[in-house]
Amino acid sequence: MNKLFYGDNLDVLREHIAGESVDLVYLDPPFNSNTNYNILFIDLASVERAEQA
């Protein structure tokens, strides 16, 4: 109780949550995008250069 899990929701549910103990899971899109959203810092200058190329 009162635990925060960091990671893929489906993996956490499969590996750390007892079966039939979850009634509802609410997720915001995007779904299954294979994108890494763990970027904390980004070099905006390099992004702008890449967009101009």
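**Close-up views of a two-helix chain**

**View 1. Glutamate 20, an exposed loop residue**. Glutamate 20 counts as exposed because its relative accessibility is 85% (exposed is over 50%, buried under 20%, partly exposed in between, using a 1.4 Å probe and protein chains only). Look for glutamate 20 in the loop that joins helix 1 (9–16) to helix 2 (44–52); helices are DSSP runs of H or I with at least four residues, and strands are E runs of at least two, numbered from the N terminus. Although glutamate 20 is not a glycine, its phi is positive, at about 60°. The model is predicted, with local features needing pLDDT of at least 70 and side-chain atom pairs pLDDT 80 or more, while totals for chains, interfaces and linings use all residues. Numbering runs from 1 along each chain as its sequence is written, and side-chain values use heavy atoms, without hydrogens or water.

**View 2. Valine 25, a partly exposed loop residue**. Valine 25 also has its place in the loop between helix 1 and helix 2. Why does valine 25 count as partly exposed? Because its relative accessibility is 41%. Valine 25 also helps to line the second largest pocket, shown next.

**View 3. The second largest pocket and its lining**. About 240 Å³ of space lies in this pocket. Phe5, Gly7, Asn9, Val12, Leu13, Ile17, Val22, Leu24, Val25 and Leu27 line the second largest pocket. By class, this lining has 8 nonpolar residues, 2 polar and no charged. A pocket here is an open set of 1 Å grid points where a 1.4 Å probe fits, with protein on both sides within 12 Å along at least five of seven lines; lining residues have an atom within 4 Å of a point.

**View 4. The chain as a whole**. The chain has 2 helices and 0 strands. Of its 53 residues, 2% are buried.

Definitions and conventions. Grid points are joined across faces, edges and corners, and a volume is the space filled by probe spheres set on the points. Ala, Val, Leu, Ile, Met, Phe, Trp, Tyr, Cys and Pro count as nonpolar, Asp, Glu, Lys and Arg as charged, and the others, Gly among them, as polar.
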